[in-house]
Amino acid sequence: MSKTNSPLWQDLPTDWQKLLAEAKASDWWQNLASFVEAEYAQHTIYPPRSELFQALRLTPVERVKVVILGQDPYPGAGQAHGLSFSVAAGVPLPRSLKNIYRELSTDLNLPVPTEGCLNSWAEQGVLLLNTVLTVRAGASYSHRKQGWERLTDLLLKKLAEREAPCAFLLWGNPARAKKAMIQAPQHLILESAHPSPLSAHQGFWSSRPFSTLNHWLETQGQTPIRWQIT
């Protein structure tokens, strides 16, 4: 498998390939690609291979105005489908997503959603990204330190280098550690604890990220996000 034609690289949407071009010939990308291919071949990995870069497909580079950064995909069967915190329609809501919806309802005085698919957020320019993009079934954070962090560091750095203001929601310690990638002053950074039941009480509750972010978008002359899931 060559560095320039690895199947993993070809899976990236073309616009994201251009943004991340410097990764293409790097040793760490080759190592990551080899690791991911072997994991999919030998184990049950989430999200399914066909949905690995779904967040990048639904939110093209030029449409990104918000990044919600989590940790890694859900490790349970049928949950992860390529967008951080999201599950496909009809899948029971994971606890982290329930907590996100609870904060959304309190923050914006909206009904608590019952469906977990966040495609509508992605299609409005909300990039739903994890710091690590794959996970072995039943083993949360099992694919950390294999190269995904290098890719998401680069992705955030390149997004932050654009002139267009962008908001970054960093939820949990792995996401908050990426703050150093976002240097330009025109961007908004909101950071808090992860919405997991294990940590939501440490600063996620009452953080009001949705109203804060929409108010900021309006000050930038951008359309607020329609957060309600219908």
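**Exercise 1. With which side chain does the side chain of Thr-134 make a polar contact of 2.7 Å, besides that of His-143?**

This is a predicted model, in which local features need pLDDT of at least 70 and side-chain atom pairs count only at pLDDT 80 or more, while totals for chains, interfaces and linings use all residues. Residues are numbered from 1 along each chain as its sequence is written, and side-chain values use heavy atoms, with hydrogens and water left out.

- Step 1. Find Thr-134 in the loop between β3 (126–130) and β4 (135–136). Strands (E, at least two residues) and helices (H or I, at least four) are DSSP runs, numbered from the N terminus.
- Step 2. Look for polar contacts. These are pairs of N or O atoms within 3.5 Å; within protein, one must be able to donate a hydrogen and the other to accept it, and residues adjacent in sequence count only if both atoms are side-chain atoms.
- Step 3. The side chain of Trp-148 is the partner, at 2.7 Å. The side chain of His-143 is also joined to that of Thr-134, at 2.7 Å.
- Step 4. Check burial. Thr-134 has 1% relative accessibility, so it counts as buried. Buried means under 20% relative accessible area, exposed over 50%, partly exposed in between (1.4 Å probe, protein chains only).

**Exercise 2. Place Trp-148 in the nonpolar core.**

- Step 1. A nonpolar core is a set of buried Ala, Val, Leu, Ile, Met, Phe, Trp, Tyr and Cys residues joined through side-chain atoms within 4.5 Å.
- Step 2. The largest such core has 76 residues. Trp-148 is among those with the most contacts inside it, along with Ile-68, Trp-121 and Leu-127.
- Step 3. List contacts of Trp-148, meaning heavy atoms within 4.5 Å. Leaving aside neighbours within four places in sequence, they include Leu-8, Leu-32, Phe-53 and Thr-134.

**Exercise 3. Work out the strand order of the open sheet.**

- Step 1. Two strands pair if DSSP finds at least two bridges between them.
- Step 2. Count bridges. β2 and β3 pair in parallel over five. Four join β2 (residues 66–70) to β5, also parallel. Five join β5 to β6 (residues 188–192), again parallel.
- Step 3. Read off the order: β3-β2-β5-β6. The edge strands are β3 and β6, each pairing on one side only.
- Step 4. Pick out partners. Val-67 stands opposite Leu-127 in β3. The bridge partner of Val-67 in β5 is Phe-168. Ala-167 is partnered by Leu-188 in β6.

**Exercise 4. Explain why β5 counts as largely enclosed.**

- Step 1. β5 spans residues 167–171, and five of the five are buried, so the rest of the structure largely encloses it.
- Step 2. Sort by face. Ala-167, Leu-169 and Trp-171 are buried on one side, Phe-168 and Leu-170 on the other.
- Step 3. Look for a helix. α9 lies across β2, β5 and β6, running at about 165° to β5.

**Exercise 5. Describe how α5 meets α9.**

- Step 1. Axes are lines fitted to C-alpha atoms, for helices over the stretch in contact; angles run from 0 to 180 degrees between N-to-C directions.
- Step 2. The axes of α5 (residues 95–108) and α9 (residues 209–219) come within 7 Å and cross at roughly 60°.
- Step 3. α5 is therefore oblique to α9. Under 35 degrees counts as roughly parallel, over 145 as roughly antiparallel, 65 to 115 as roughly perpendicular and the rest as oblique.
- Step 4. Name the contacting residues. α5 supplies Ile-100, Glu-103, Leu-104, Asp-107 and Leu-108; α9 supplies Pro-209, Phe-210 and Ser-211.

Notes:
Contact = heavy atoms within 4.5 Å.
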